[in-house]
Amino acid sequence: MRGVVMYTAGDVRVEEREDPKIIEPTDAIVKLSATCICGSDLWPYRGVEPVDHTLMGHEYVGVVEEIGPEVKNVRVGDFVVGSFVISDNTCEICRAGFQSKCVHAEFVHAGIGTQAERARIPYADGTLVATPGQPDPELIPALLAASDVLGTGWFAAVAAQAGPGRTVAVVGDGAVGLMAVLAAKQLGAERIIAMSRHPERQKLARYYGATDIVEERGEAGVERIKELTGGLGAHSVVEAVGTQESFMQAVGATRGGGHLGYVGVNYDVRIPGIQLFFAGIHTLGGPAPVRRFLPELIQLIWDRKIDPGKVFDLTLPLEQAAEGYKAMDERRATKVLLTL
């Protein structure tokens with residue numbers, strides 16, 4: 001089969017990879033219908049995260065082709081959406097709603113790699129969720145978004161306790177930040193402030209429910225949020241970037257006693273303990289437990305109540321994956337969908 005391999009930083013190739021096979025009785029083989037490139041894939045692409053002939057991709061939807069003898073929840077022929085973290089969905093941590101920290105947790109990239117024609121998914125019963133039927137083609141991008149960016153943005157909004165009567169500020173206008181705007185709207189937030197400098201992303205943020213746009217960054221961004229909230233800061237803040245500036249901006253924009261949900265993958269972010277101490281805020285984040293939210297998100301998409309698929313602004317065939325990485329790295333694309 002064809003699949004994406006990142007040899008070294010910036011060196012992305014599409015080449016022949018071995019077809020996946022059932023190894024464990026809880027495995028399933030999925031023939032992928034679509035996959036995509038994630039903002040977190042840019043960390044190894046830019047040399048921040050080590051990479052060496054790594055199988056790329058962790059977002060996926062497709063049709064189950066084969067199942068192991070112990071798989072009960074999905075059947076051959078089902079169209080499925082899977083989380084970017086493998087989970088059994090039965091351990092104590094999974095039952096508490098944190099499937100991304102399952103005792104069997106495994107990130108789908110590297111060892112599996114779903115920027116490919118097929119993928120072996122371990123713990124299929126706990127990782128995959130079948131859709132109500134075979135989706136119409138126009139629903140596939142939206143369902144693909146649920147595999148990571150929608151679920152991650154949703155978790156961030158939930159972690160920030162977005163809801164009725166609350167003002168939500170979203171730091172980051174990439175795919176996850178935009179999905180956090182969508183989630184905050186669906187959760188009933190009264191006011192949603194999107195922090196963005198890019199006109200096209202601002203337009204999409206407003207489509208998803210943003211009521212205000214703030215272009216300032218850093219301390220100026222914090223002061224602008226406070227101006228908009230009577231000097232208090234936002235009740236709920238989402239950090240969806242993962243840089244030093246963005247994280248401290250998010251901390252500063254959260255009012256005393258407010259909630260910060262952080263989901264931006266970060267490297268070398270240093271949080272001054274005294275600053276966090278005196279901020280007096282709640283914090284929750286990390287790798288999103290997408291599996292917790294998948295049934296609800298799939299149904300919202302199926303019923304056409306939300307359309308997260310609009311976050312894909314460039315579609316390329318799998319063979320042009322290298323161009324997709326380049327486009328996202330150069331910020332010419334927010335998120336790239338790869339067709340198969």
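A salt bridge here is a side-chain nitrogen of Lys or Arg within 4 Å of a carboxyl oxygen of Asp or Glu. Aspartate 329 and arginine 46 form one, with their closest N and O atoms 2.6 Å apart. The model is predicted. It holds 16 salt bridges and one cavity of 30 Å³ or more. Helix H5 is largely enclosed by the rest of the structure.

**Salt bridge between aspartate 329 and arginine 46**
- The pair links distant parts of the chain, 283 residues apart.
- Aspartate 329 is in helix H12 (residues 321-329), whereas arginine 46 is in the loop between H1 and strand S4 (54-55).
- Aspartate 329 has a relative accessible area of 28%, so it is partly exposed.
- Arginine 46 also counts as partly exposed, because its relative accessibility is 46%.

**Salt bridges of aspartate 173**
- Aspartate 173 forms a salt bridge with arginine 201, the closest N and O atoms being 3.3 Å apart.
- That pair links distant parts of the chain, 28 residues apart: arginine 201 is in helix H7, and aspartate 173 is in the loop between strand S11 (167-171) and H6.
- Arginine 201 is buried at 10% relative accessibility.
- Aspartate 173 is buried too, with a relative accessible area of 10%; the cut-off for buried is under 20%.
- Arginine 331 meets aspartate 173 in a salt bridge of 3.7 Å, N to O.
- Arginine 331 is 158 residues from aspartate 173, in the loop between H12 and strand S18 (336-339).
- With a relative accessible area of 46%, arginine 331 is partly exposed.

**A salt-bridge network**
- Arg2, Glu16 and Glu319 are joined into one network by salt bridges that share partners.

**Cavity**
- The largest cavity has a volume of about 40 Å³.
- Its lining includes Asp173 and Arg201, which also form a salt bridge with each other.
- Among the other lining residues are Val170, Gly172, Gly177, Leu178, Val181, Ala194, Ser196, Gln202 and Ala205.
- Helix H6 (175-186) and helix H7 (199-208) are the elements that give two or more residues to the lining.

**Aspartate 41**
- Aspartate 41 is in the loop between strand S3 (28-37) and helix H1 (42-45).
- Aspartate 41 is buried yet has no salt bridge.
- The nearest side chain of opposite charge is lysine 335, 6.6 Å away; a salt bridge needs the atoms within 4 Å.
- The side chains of aspartate 41 and glutamine 115 share a polar contact of 3.2 Å.
- Beyond its neighbours within four places in sequence, aspartate 41 is in contact with Met6, Cys36, Met56, His58, Gln115 and Tyr325.

**Helix H5**
- H5 spans residues 149-159, and 10 of its 11 residues are buried, so the helix is largely enclosed by the rest of the structure.
- The buried residues of H5 include Trp154, Phe155, Val149 and Leu150.
- Gly151, Thr152, Gly153, Ala156, Ala157 and Ala159 are also buried in H5.
- Helical cover for these buried residues includes H4 (140-146), H6 and H11 (290-302).
- Strands in the cover include S14 (234-239), S15 (254-262) and S16 (282-285).
- Just after H5, glutamine 161 takes a positive phi of about 55°.

**Glycine 273**
- Glycine 273 is in helix H10 (residues 273-279).
- Its relative accessible area is 52%, so glycine 273 is exposed; the cut-off for exposed is over 50%.
- Glycine 273 and glycine 261 are 12 residues apart in sequence and 18 Å apart in space, C-alpha to C-alpha.

Methods: Residues numbered from 1 in each chain as written. Predicted model: local features only at pLDDT ≥ 70, side-chain atom pairs only at ≥ 80, totals over all residues. Heavy atoms only, no water. Helix = DSSP H or I, 4+ residues; strand = E, 2+ residues; numbered from the N terminus. Buried < 20%, exposed > 50% of the residue type's maximum accessible area, 1.4 Å probe, protein only. Lys, Arg positive; Asp, Glu negative; His and termini not counted. Polar contact = N/O pair within 3.5 Å; in protein donor to acceptor, adjacent residues only side chain to side chain. Contact = heavy atoms within 4.5 Å. 1 Å grid on protein atoms, 1.4 Å probe; cavity = no way out; pocket = protein on both sides within 12 Å on 5 of 7 lines; lining within 4 Å. Points joined across faces, edges and corners; volume = space filled by probe spheres on them.
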